[in-house]
Amino acid sequence: MSVAEGLGVRPPSCAELRLSLVLGERALYVNGDLRTARRWFDAAYQQAQACGDPPALARAALGLGGIWVREHRTAAESEMVRARQRHALSLIDPGSTLALRLRVRMCGEADYRGGAHDEILRLLEQARGAGDAEMLAEALSLAHHCLLGPEHGQLRKELAAELIGQAAVTRRRGDLLMGLMWRTADLYLAADPHAERCLEELRGLLEDQPHLAVGYVAAAMRVMLAIRAGRFEEAERLAGECYELGETAGDMDATGWYGGQLGAVRWYQGRVAELLPVMNDLVSSPTLSPIDNSYLAGLALAAAVSGDRRQAAGHLARLRGRDLGDLPSSSTWLLSMYCVVETAHLLGDADTAARAYTLLSPYAHLPMVASLGVACFGSTQHSLGMAALTQGDLDLAVRHLRAAVHDNLALSHWPAATLSRCRLGQALALRDGPASEAARAEQAAAAREARELGMVLPAAAGQAGGAGGPCRLRRHGRHWQVELGGRMALVEHSVGMGYLATLAGNPGREIPAADLAAGACRPAGQGDSAQPMLDDLARDTYRQRLAGLQAEIDELESMHDLERAAAVRLEREWLISELAAATGIGGRARSFADGDERARIAVGKAIRRALARIEAVDAVLGEELRACVQMGVRCSYRPRQLLS
């Protein structure tokens, strides 16, 4: 008597077990529906246990692995599947085809986690000699997935071609689709001009009959092509649709891929710092691949662009470890190195740039494509040029950046070509002087292309780039975002930051200090009537909000939600400081009725404190602003083009 019978529960029938296996295998191999397949294989595993059917147990455990490597990302899920596969393997004939299929799957998982491939290739040879076409097709696909580093290009092409040929033997449509998908990805990773032909062939087959998992990869490639074409709004829309498709398919990479695509769009738009909160969350997400360091590298770059040098340097040090060369080879290694080089350039880290240059040199001919064609950051020549520029080798930088412009044009990657042209112009100006005709021509062409594409070009490191336009300050809660010439800094709010924002919003215009202090821009010659910094209505609104926040804090603390209570308390403390700054003795509203001299002193001190805060985040940006802001009874902000 079985355990189920002893408990009075009807054990599953053999027909039910067979149906679960058939539905699971159809969902996985025919429809590419990973989510549905997991559900059926989980049911089949439990049914096979209850029935005492070891071969069925092994088929279910094998199906739980899916079609990709590392489909189960959380520690709990991956260990459960691994334990089930080991258990099933222990119950079946070790010389059977089913046992070899399980060993291939388990070996592929282990190699992928360690960034290796020796064992999966050894078992692939066994699969070739076993005479089972379906097993060989699975082994070829798993081996391909373990060989996504830039050094494996030729071997990957051979495996993809063999898989396409093997599909004619298995007669499984899923094998053909997987083979064509791998081949398409390989062609994009190799900058092959025929990659789009292969993608169109793949998309034609998918139109005849959908396959969710492969269709998701094809959709991701469409996003990459839209970014290459500089169609940023379309790319963002397609990325959202691609994410939805990935979620429907049950692909664990859906969130990570969407983040990478959005990051590429924002990078070329000059808005990557906006993604800092999202990147901070994603970098610790269990859905990321264990050998994917691209989000940590992207976080370092976003922090550097925002002006947070300390955070950027910390993330970069974490990436480097003992040696940057220890980063495991993976499908996102080139993307990680792109972010490392750009971050090192912004931080002036010549040592990291030199090490990155050495590691990237063998791949100068390749584009920096993330994963299976998810996003592309242009030619590796660009990163080599930036690494050389950071080291101060201007001749080498010019040579690589010139090659990057050519290669990016060949890729039809217009934003990358524009960025490389911009950096080439900067390198030429540093080498030959700002009056260099070649430098001016490249910079003018880059500026024209950037306007057409809606890009924001970066300033040369060490220069605020005042000629790029006036400073912009935008308020985001308790912080101000300061942008000037491609540089950006996030600075905490203060009264002086508000004054700077008013001046920056009126470039070239003289504004009386008393008007700044009063929060109004009065016309010249108006009398010095006392104007409170806060009127009665604003003050009452502040106090009502304070009371509401205190009630919210009390409620959260009663629920022991200390984290949210702390966040609300921070907002309350900020409001208290705002109210205190705007009121005098006894809570009376402060005013500047005592004349322009008091206003000049108070406003000047506040602006100087704000400039010091900006300099603490980005010394170059702060120095440029300090040179352009004039303080006194009348204050103004005059960008360099207005001064010239």
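Trainee: How many residues has the largest nonpolar core?
Mentor: Keep in mind that this is a predicted model. Among the residues with the most contacts inside the core are W68, M181 and W182. W267, Y268, L372 and F377 belong to that group too. The largest nonpolar core counts 158 residues.

Trainee: Which helix gives the largest share of this core?
Mentor: Look at residues 212-228. They supply 13 residues of the core. The element is helix 12.

Trainee: Which residues does M181 touch, leaving out those up to four places away in sequence?
Mentor: M181 is among the residues with the most contacts inside the largest core. Its partners include W68 and L372, which are in that group as well. The full set is W68, L202, V214, V217, M221 and L372.

Trainee: How many residues are in the other core?
Mentor: This core lies apart from the largest one. C471, A489, V603 and L611 are among its members. Its count is 32 residues.

Trainee: Are helix 11 and helix 12 parallel or oblique, and why?
Mentor: Helix 11 covers residues 195-208. Its axis comes within 10 Å of the axis of helix 12, and the two cross at roughly 140 degrees. Angles over 145 degrees would count as roughly antiparallel. Because of its crossing angle, helix 11 is, relative to helix 12, oblique.

Trainee: Which residues of helix 12 make the contact with helix 11, and what is the hand of the crossing?
Mentor: Helix 11 brings E196, L199, L202, R203 and L206. Helix 12 answers with V214, G215, A218, M221, R222 and L225. The hand of this crossing is left-handed.

Trainee: Why is strand 2 largely enclosed by the rest of the structure?
Mentor: Strand 2 spans residues 375-379. Buried here means under 20% relative accessible area. Strand 2 is largely enclosed because the number of its five residues that are buried is five.

Trainee: Which residue takes a positive phi in the hairpin of strand 1 and strand 2?
Mentor: Strand 1, residues 367-370, runs antiparallel to strand 2, with three bridges joining them. V369 stands opposite C376. Four residues lie between the strands, and a phi near 55 degrees belongs to S371.

Trainee: Which residue stands opposite V629 in strand 8?
Mentor: Strand 7, residues 629-630, is antiparallel to strand 8 and joined to it by two bridges. A hairpin of three residues links strand 7 to strand 8. The residue facing V629 is Y637.

Trainee: Which residue of strand 8 stands opposite P512?
Mentor: Strand 6, residues 511-512, also pairs with strand 8, residues 634-637. The sense is antiparallel, over two bridges. Opposite P512 stands R634.

Methods. Residues numbered from 1 in each chain as written. Predicted model: local features only at pLDDT ≥ 70, side-chain atom pairs only at ≥ 80, totals over all residues. Heavy atoms only, no water. Core = buried A, V, L, I, M, F, W, Y, C linked by side-chain atoms within 4.5 Å. Buried < 20%, exposed > 50% of the residue type's maximum accessible area, 1.4 Å probe, protein only. Contact = heavy atoms within 4.5 Å. Pairing = 2+ DSSP bridges. Axes fitted to C-alpha atoms, helices over the stretch in contact; angles between N-to-C directions. Parallel < 35°, antiparallel > 145°, perpendicular 65-115°, else oblique. Left-handed = near helix turned anticlockwise from the far one by under 90°.
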